[in-house]
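Please keep the model open in your viewer and follow the selections below in order, beginning with the whole chain and ending inside the sheet.

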Amino acid sequence: MSVSTCPSEPAPAAGFVDGLDPLDRDIVLATQGGLPLVPDPWSAVGKPLGLAGNEVRARMQRMIDSGVIRRIAAVPNHYRLGYVANGMTVWDVDDAHVERLGREVAGIPGVSHCYRRPRHLPEWPYNLFAMLHGRSQGEVEQQAEALRERLGDACRDHRILYSSRILKKTGLRLARSSGRPR
C-alpha cells in the first residue's frame, strides 16, 4: 500500500543521473515503453547496449531490489477484456486499523490499486482508496460490499466514484537526454 508522502531521498552519487548509473539508465530507457515481444527480450534489450541478456536481467533485478523499479509485469487493457465499470472506492477507516486493513484489501483479487491517503476534514473523511473493476456497476458494487464486510466495524463510511472517461495512462518516462554523450 502506498502512502501519500515520500521521505526525502539522498542526492545521487557523483556520475549518476536520476540516481542510476549510466548503463542502468539506458536499460530503463530501453524498457520503459515495454519489453520487446520476442522469445528472448533480455537479449534484445541488451544487444544495442553491448550487454548479454543475463546481465540485463541481473541489473533489472538489482533495480527491483533497490526500489528503482517496482516490478516487471504484463499490463492488460481491462476495457478490451470487458471490464468497463471502474470504481474508485473511498473508505473512512479507523486510523488505528487502516494500515493492517489496507494491506488485506490490497491482496484481494479484483483490487488493482490500494492507497492510504490523508483525510481533508470536514469535507473529505476518506483515508483508504481501492480501485475495483467489473463488467458492470452492479459487479463493482458487489465487490465493494465484500470489502465493506472485510473492513468490519473499523469502517465508518464509503463511496464509489465511477470513471466517466478513459484517460491515457502511462507511468513516469525518463527523458532521453542523460546529460552524457552517446
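With the whole chain of this predicted model displayed, consider its contacts with a separation of 6 or more: 66% of them are between residues 24 or more positions apart. Colour next by secondary structure, which shows 5 helices and 4 strands, arranged from the N terminus on as α-α-α-β-α-β-β-α-β. If you then switch on the surface, its accessible area comes to about 12100 Å², with 54% belonging to carbon and sulfur atoms, while buried residues make up 31% of the 182 residues.

Now select residues 128-134, which form strand β3. How many of the residues of β3 are buried? The count is 7 of 7, so that the strand is mostly covered, buried here meaning under 20% relative accessible area.

Show the side chains of β3 and look along the strand: Leu128, Ala130, Leu132 and Gly134 point one way, whereas Phe129, Met131 and His133 point the other way, and all of these residues are buried. Such a pattern can be read against the general rule that in a regular strand the side chains alternate between the two faces of the sheet.

Keep β3 selected and add residues 85-93, strand β1, which runs antiparallel to β3 and is joined to it by 7 bridges; within this pairing, Asn86 has His133 of β3 as its bridge partner. Finally, add residues 111-116, strand β2, which pairs with β3 over 5 bridges, also in the antiparallel sense, and centre the view on His113, which stands opposite Met131 in β3.

Note on methods
Residues numbered from 1 in each chain as written. Predicted model: local features only at pLDDT ≥ 70, side-chain atom pairs only at ≥ 80, totals over all residues. Heavy atoms only, no water. Helix = DSSP H or I, 4+ residues; strand = E, 2+ residues; numbered from the N terminus. Buried < 20%, exposed > 50% of the residue type's maximum accessible area, 1.4 Å probe, protein only. Contact = heavy atoms within 4.5 Å. Areas by Shrake-Rupley, 256 points an atom, 1.4 Å probe, with all protein chains shown as cover. Pairing = 2+ DSSP bridges.
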